[in-house]
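The exercises below are to be worked through with the sequence and the coordinates at hand. Each task is followed by a solution that goes step by step.

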Amino acid sequence: MLPVGQDAIRAMLLDDLSAAVDGTGGVVIVGGEAGIGKTTLVRSLAREAEQRRVRVVEAGCFDLHSTPAFGPWVDVFDNLGRDPSTPAPPPAFARGGAIERVVDQAALFCIVCGTISSSSRWTGPVLLILEDLHWSDPASIDLLRELGRRASQMRLLIVVTYRTDDLMRPESFSHLRLPALIRETGGHRIELHRLDHDQLRMLVDGWLKLSPSDTERSRRISGASTQTGTHFFATELIRALEDRGVWRVQRSRTGRAGSACPPHFSCT
């Protein structure tokens with residue numbers, strides 16, 4: 001289930017997916033702080049894409065001191081290569097390739113775009129998900145910009161996520177790379193925000209069935225937690241209060257005992 005308040009965003013993403021299936025692809029850029037619900041949102045879209053027989057290819061970046069060159073794209077072509085009907089990957093991205101010795105990036109980018117375009121024609125539309133782009137190496141972003149410029153002529157929807165926590169650093173992805181990415185690809189930018197007081201109450205009411213006294217207590221706690229709480233923070237707070245016996249909990253019909261996350265809620 002989606003986090004509270006994200007139904008409209010999901011509807012927009014589904015429209016973008018439909019356009020890509022019809023041959024007019026694009027780029028969607030989803031930002032927000034850690035724990036706000038980015039991953040849950042894109043996974044919901046991925047499930048819908050699979051139901052529509054859209055091929056889903058996922059890759060991501062990692063918090064490393066030295067990010068490998070084209071790190072997420074190596075994963076992209078590794079995942080694409082699992083389908084025998086997919087065109088062969090560019091030699092630099094093939095198993096045993098030598099991506100670190102690439103000297104002509106323009107030529108490489110052209111080959112990559114051609115390969116992904118061919119894949120979207122031969123094996124059906126593609127949803128490409130790239131997570132945690134704030135940790136990406138510059139070359140990977142440059143390749144994304146090139147592919148994103150051509151996406152409108154492909155059966156391809158690219159969805160990327162990034163964290164906004166680093167906005168205060170002048171060298172951050174948000175300052176240096178994001179503006180050009182949006183401008184050159186024409187991408188839709190979505191920024192996810194924390195739960196407000198009413199949304200957090202919806203979350204609590206949707207997950208737990210509380211006594212009248214506990215309901216009033218949850219309202220006071222909700223008001224305090226929304227000052228600092230993301231979706232993830234709110235879930236952990238509810239779980240901690242339950243574990244400590246602060247609330248006498250009876251699961252509502254929409255909740256499931258032992259579930260990792262409540263309905264309408266994101267854990268990442």
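**Exercise 1. The largest nonpolar core**

Which residues of the largest nonpolar core touch the most other members?

Solution. Before starting, note that this is a predicted model, in which local features need pLDDT of at least 70 and side-chain atom pairs count only at pLDDT 80 or more, while totals for chains, interfaces and linings use all residues. Residues are numbered from 1 along each chain as its sequence is written, and side-chain values use heavy atoms, with hydrogens and water left out.

Step 1 is to fix the terms: a nonpolar core is a set of buried Ala, Val, Leu, Ile, Met, Phe, Trp, Tyr and Cys residues joined through side-chain atoms within 4.5 Å, where buried means under 20% relative accessible area and exposed over 50%, with partly exposed in between (1.4 Å probe, protein chains only).

Step 2 gives the result: Trp73 and Leu133 touch the most other members among the 36 residues of the largest core. At least two residues of this core come from each of strand 1, strand 2, helix 3, helix 4 (105–122), strand 3 (126–131), helix 5 (138–150), strand 4 and helix 7 (178–185); helices (H or I, at least four residues) and strands (E, at least two) are DSSP runs, numbered from the N terminus. Another core, of 20 residues, lies apart from it and includes Ile9 and Ile190.

**Exercise 2. The surroundings of Cys61**

Locate Cys61 and decide whether Cys61 is buried or exposed.

Solution. Step 1: Cys61 sits in the loop that runs between strand 2 (55–60) and helix 3 (71–80). Step 2: because its relative accessibility is 5%, Cys61 counts as buried. Step 3: with contact meaning heavy atoms within 4.5 Å, and leaving aside residues up to four places away in sequence, Cys61 touches Pro72, Glu131, Asp132, Leu133, Trp135 and Ser136. Leu133 in turn touches residues including Ile141, Val160 and Phe173.

**Exercise 3. The two sides of helix 1**

Identify the buried residues of helix 1 and state how they are arranged about its axis.

Solution. Step 1: the buried residues of helix 1 are Ile9, Leu13, Leu14, Asp16, Leu17 and Ala20. Step 2: viewed down the axis, these buried residues fall within an arc of 160 degrees (taken from the directions from the helix axis to the C-beta atoms), so they line one face of the helix. Step 3: the face turned away from that buried side carries the exposed residues Asp7, Ala8 and Asp15. Step 4: the buried residues of helix 1 pack against strand 1 (26–32), helix 2 (38–51), strand 4 (156–163) and strand 5 (188–191).
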